[in-house]
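Thanks, everyone. I'll put the structure up and then go through its packing and some of its strand pairing.

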Amino acid sequence: MENVFDRAANFKEVGIGAVLFLEYGQHYPAPAKIRFPCTNNMAEYEAYILEIRMAVDMNVKELLVIGDSDLLIHQVLGEWFTKNVKILPYLHWVKELCSKFTKIELKHIPRIQNEFVDTPAILSSMIQHPDKNYIEPIEVDIRDQHAYCFHVDEELDGKPWYHDIRKFLAPREYLENATNGQNIALRRLANHIFLNGEVLYRRTPDLGLLICVDVAKATRLLEEIHAGTCGYHMNGFTLPKKILIAGYFWMTMSDNIYYVQKCHQCQIHGNIIWVAPNELNVIGSPWPFAAWGMDVIGPIKHATSNGHLFILVAINYFTKWVEESTYKAVTKKVVTDFVRNNIN
């Protein structure tokens, strides 16, 4: 089975597309529109994950993946490495998806040969296949979250996220038909959970206890703490801290930033940044003692025994070497002598 992916971006929107080709000639296109901030490399990974999930849902065991992103293919194959914090979650999730196939191969092609899947990503509509096969109109999916955020499977029976943990803690028995790796992961999660009757508590490093809540109660807590009676519409980084202080916990608390970004009041009354974006210039030093920073401290409240009130300090940017001296007054001659005696 063959699968092709690509992405497309302009000054307004980002689109991704994938086409799954079966052995007997039938193909399934799947475009999607991305509505969160996304770089070009992130969009390539979104498209790659889209096609891999298509193959997994169709119970495909052998797959040939074709794309025009040389960077993505080398990173997935382990030939190139990355330290980008935006790409690492995608890379881990891609490797986990690839482990579900008995055989998977990746092939790089030039961009000009990838026009068939590039067009759904750009237009999100239909196109004539090179083999003159007609493609039905395509439904465009909307993505509000990163692809790796969907790696936690939804509970089809409506049970909370801690159901398996509570079931493990009560009789101290593993789940049926669970693999050894799943049992190890469950045991590690249960080490931080304390069961008291029907209520689960998560232990904190300072020996505190946080009540574990399900999705419905977590949504009510977000609304009350963020915009309730005592809520002051804090940002997405402060909101999880406030929830922890209130004594509650759930597994996806780090996604609270998306809740804040969708808050209508925060968008209306938020501070407007009037400063035009500028390129940041790193102040560096190519070799030791090539660049120094100087500053004056004083006048200090209590003079030294010799009556000095000011401290002149110089720090080397490269080695962080510090030179300092005290003076009664900081004049031009004093600074010149300090540089000549301590830096030159």
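I'll start with the cores, then take one helix, then one strand.

This is a predicted model. Its largest nonpolar core holds 35 residues. Ile16, Tyr45, Tyr48, Ile52, Leu63, Val76 and Val94 have the most contacts inside that core. Two or more residues each come from β2, β3, α1, β4, α2 and α3, and α1 gives the largest share, 10 residues.

Take Tyr45 as an example. Beyond its neighbours within four places in sequence, Tyr45 is in contact with Leu72, Gln75, Val76, Ile87, Tyr90, Leu91 and Val94. There is also a second, separate core of 25 residues, including Leu169, Ala218, Leu239 and Met253.

Now α3. Which of its residues are buried? They are Tyr90, Leu91, Trp93, Val94, Leu97 and Cys98. Down the helix axis these buried residues of α3 fall within an arc of 170 degrees, so they line one face of the helix. As for what covers them, α1, α2 and β5 are among the elements that do.

Last, strand β9, residues 209-212. Leu210 and Cys212 make up its covered face, while Leu209 and Ile211 are on the uncovered one. In general, side chains in a regular strand alternate between the two faces of the sheet.

β9 pairs with β8 in the antiparallel sense, over 3 bridges, and Tyr201 has Ile211 as its bridge partner in β9. The two strands form a hairpin with 5 residues between them; in the turn, Leu207 has a positive phi of about 65 degrees. With β10, residues 248-249, β9 pairs in the parallel sense over 2 bridges. There, Cys212 has Phe249 as its bridge partner.

Key: Residues numbered from 1 in each chain as written. Predicted model: local features only at pLDDT ≥ 70, side-chain atom pairs only at ≥ 80, totals over all residues. Heavy atoms only, no water. Core = buried A, V, L, I, M, F, W, Y, C linked by side-chain atoms within 4.5 Å. Buried < 20%, exposed > 50% of the residue type's maximum accessible area, 1.4 Å probe, protein only. Helix = DSSP H or I, 4+ residues; strand = E, 2+ residues; numbered from the N terminus. Contact = heavy atoms within 4.5 Å. Arc of directions from axis to C-beta. Pairing = 2+ DSSP bridges.
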